[in-house]
Structures are given as C-alpha cells and as structure tokens.
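Here's a quick tour for anyone meeting this structure for the first time. Have a look at the sequence and the 3D view, then read on.

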Amino acid sequence: MKKFNQPIFVTKPFLPPFEEFCQGLREIWEKQWLTNNGPVLKKYQKELKRYFVTDNICLFTNGTLALQIALQGMGISGEVITTPFTFVATTHALYWNKIRPVFCDIESDTFTIDPDKVEALITPWTTAILAVHVFGRPCKIDALADIAHRHKLTLIYDAAHAFGVQVNGKSIGQYGNISMFSFHATKLYHSIEGGMLIFKDSNLNQIFSYLKNFGFKSETEVVMPGTNAKMNEIQALMGSILLKYIHEIIKKKKKIYNIYKNQLSDIPGLSFSPDPTENIEYNYAYVPILIEKIAFGMSRDELYERLKKYNIFARRYFYPLLTEFACYQNLAVSMSLATAKAVAEQVLTLPTYADLSEHEVCKICDIIREIHINPAGLDR
Ligand SMILES: *Cc1c(COP(=O)(O)O)cnc(C)c1O
C-alpha cells in the first residue's frame, strides 16, 4: 500500500459552512457585544437546556475550568476516588482544589472505573467519586450511584467525551450529581473551546455563575473569590450552530466506527471494546483498539510508529497512565492498577472525523492488515 499524500490525524475539528458562521459573526459585530453573558450565549444556553431537558446547566470557557469550579462550588475536599485512565485535566482539577486523588483500577471492557473496586478505597476523608465516561463509553452508572448513595458521596462525572450519549433514553448528563462536558475543538461536538456543567441541585446555578465571573453579584458586591471562566459570544456562536449538525456528525462517526470494526475484527491480537448494551446510544466519538503483542505480531508502539510511515497519525490515548507523570509520581497509590496499566500499554485510537471518507477508512484498514501480515515490513 502507498502512504497517504496528506497526513491523516486522529481527529479534525468539525466546521460548519463558512457563510453560516459569517452571518452569525455579522450579528455579533452589529451588537458590539463580545462576552459577559451576551445575547448569543443566552440563546445558546436556551438551546442546550432544551437539548438536555433541564434548567440546570452552566457554560464555561473550557471544560477544565468547569470541572475545577464544579468541585469548588460543591465544596468537595479531602479525598476523591477517580480513574488513572483519562486525560490529565481530570486529576489536575482535583489538584487545583487541594483534593487528594485516590486512583481506582478500571474495567477491561469499557475502560471506566471499576465499581467493584471503589468501596475498598473509601476512607473517612472520601467526599466524592470522580468517574470518566472515557471515549464516551458510559461508566457503570447504577453501581456507582448505589455506592455513592450508601456512603453519602457526591457522584461527579467527567463527560468530556460523551456529548450525545444516551442511557435508557436519557442524556448521560442526567446521571450522577453533576457532569462536565468539554466543547474543545478536538471533541465530537465543540464551541472552539468551551465547557458545560449539568447538575441536579438548582442552587448551584447561582454559585457557578458567581464563580465563573470573579464572584460578582452586582456592580459593587463580590460574594466569593471567583475566577474568570466565562464563555464568549464567538464560542457560543460556534456551539449554537454545531448543535444543528450533531446528529449528522454522530451518524458519520458511527459509519466510520463500523467500517473499522467490520474490516479489522478478524485480525488476531487486535480487539475492539464489546458493543454497548441495547439501552445505550453511543456517540462513536473515538475508535480505540487494543493491540496484543504476541498475537498481532508486534507491539502497539511498533504499530503506532509503522502507521506514521504511511502518514497515519493514530494516538496512544491514554498513555502513559496518569500515575506515571512527574507531577503525580509521588502520590501514594494503594491499589494495583493492573488493568489500567495493561490497557495503557495496548490502546491505540484510530483516526475518525466527519470529513474522513469511507475510502480513506478502508485504506487505513488495509494498511493495518498489511503491517500485521508483514511485520518485518519493507517500508517504502
Ligand atoms: C478534553 C478533556 C478535558 C478537558 O477539557 P477542556 O475543554 O479541553 O479543558 C477533561 N477531561 C477529559 C477526559 C478530556 O478528554
């Protein structure tokens, strides 16, 4: 197989028609209102409330600040049980609130926190569980809700990957006490940069709106030491326009996912997570595969490097494991993270974005098969 002429990256941001965005920009120019709860943000907020069927949402300039503010606004402290198999921002948000992350191992099928292992980690200092719907695969929400209820813990979800995911006919954001969505440009759905909290306790609306705007209550009153985490009008415009395309994006991603799965499933040593159960509507945001060295004929890292020679830039999400990073290396970890470690060593996420053609996906599959068949590889 010949290499791709242009690099194929793991993702590419979805962009709406240029004219549509320009029309929105013109309206912003006419109003000369760029940030601070402007008209586009207010309209966007209404659209999201309708989409998520709740009044309890708050928008932020990015997902990381949204999560930090969630923890702060709910007064989470002490220890929080979380997963090491995630993007660094999940743990950073705890660190910025002076909370100790307690890492729990993950499940081998969904890569999400293993509820059977959570209870062993609960101490008198535990205040919450921070679980991640990693790659948009829902956590074991019933089991986690049960543990949180019995131990009076707050249940927080990092749903950065999970926009559009439904469980039992409800948005995934409806589960737990609070969920954070990231609208970063590299995510399935985005507002260039952006973040959102969706929560059960309506009292939090007021607290979050103070915390994201320096704690201002009025022109002359500051009621808490807030930060600056507001979403601006241009971000809100992008988010609002893309909401019209979300079904189209997911449909395309599903098609891509299924091509990969059909074409690659029979290759020994290459595996996909089991399909989500019937009650789950998945968003197909990512295409993670596991590479088992002996059966596949080479390690995940070797495959990753070989793909680069074909101009295919897959990513090792999430590797290294969070506990390996210099800033978290000294944290005591009381549980074996064997599954998380094994997954981090074997996982590779393949390119997927709405613009990726079926032809290109098939070619990526053919290249992976060729590399597998000929592991010694005469690269050209
Ligand atoms: C992207 C991401 C975040 C951070 O979101 P930003 O909007 O980029 O700040 C947090 N957690 C996970 C799992 C992510 O993938």
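How far does a polar side-chain atom of H161 lie from an oxygen atom of the ligand? The distance is 2.7 Å. Keep in mind that this is a predicted model, so let's see what else the model shows around the ligand.

H161 has company: 15 residues surround the ligand, and T64, D158, H161, S182 and K187 come nearest. Here are some of the polar pairs between side chains and the ligand:

| Residue | Ligand atom | Distance |
|---|---|---|
| T64 | oxygen | 2.5 Å |
| D158 | nitrogen | 2.7 Å |
| H161 | oxygen | 2.7 Å |

How much of the ligand does the protein cover? On its own, the ligand has 380 Å² of accessible area, and the protein covers 93% of that. As for where the ligand sits, it's in the largest pocket. Three elements each give two or more residues to the shell around the ligand: helix 3 (63-73), helix 4 (88-96) and strand 9 (178-182). Sorted by class, that shell has nine polar residues, four nonpolar ones and two charged ones.

Now for the charged pairs. Side chains of opposite charge can pair when their charged atoms come close. Searching the whole structure turns up 14 salt bridges. One of them joins the side chains of R100 and E79, at 3.6 Å from N to O. This pair ties together distant parts of the chain, with R100 in strand 4 (residues 100-103) and E79 in strand 3 (residues 79-82), 21 residues apart.

Methods:
Residues numbered from 1 in each chain as written. Predicted model: local features only at pLDDT ≥ 70, side-chain atom pairs only at ≥ 80, totals over all residues. Heavy atoms only, no water. Near = heavy atom within 4 Å. Polar contact = N/O pair within 3.5 Å; in protein donor to acceptor, adjacent residues only side chain to side chain. Areas by Shrake-Rupley, 256 points an atom, 1.4 Å probe, with all protein chains shown as cover. 1 Å grid on protein atoms, 1.4 Å probe; cavity = no way out; pocket = protein on both sides within 12 Å on 5 of 7 lines; lining within 4 Å. Sits in = over half its atoms within 2 Å of the grid points. Helix = DSSP H or I, 4+ residues; strand = E, 2+ residues; numbered from the N terminus. Nonpolar A, V, L, I, M, F, W, Y, C, P; charged D, E, K, R; others polar. Salt bridge = Lys/Arg side-chain N within 4 Å of Asp/Glu carboxyl O.
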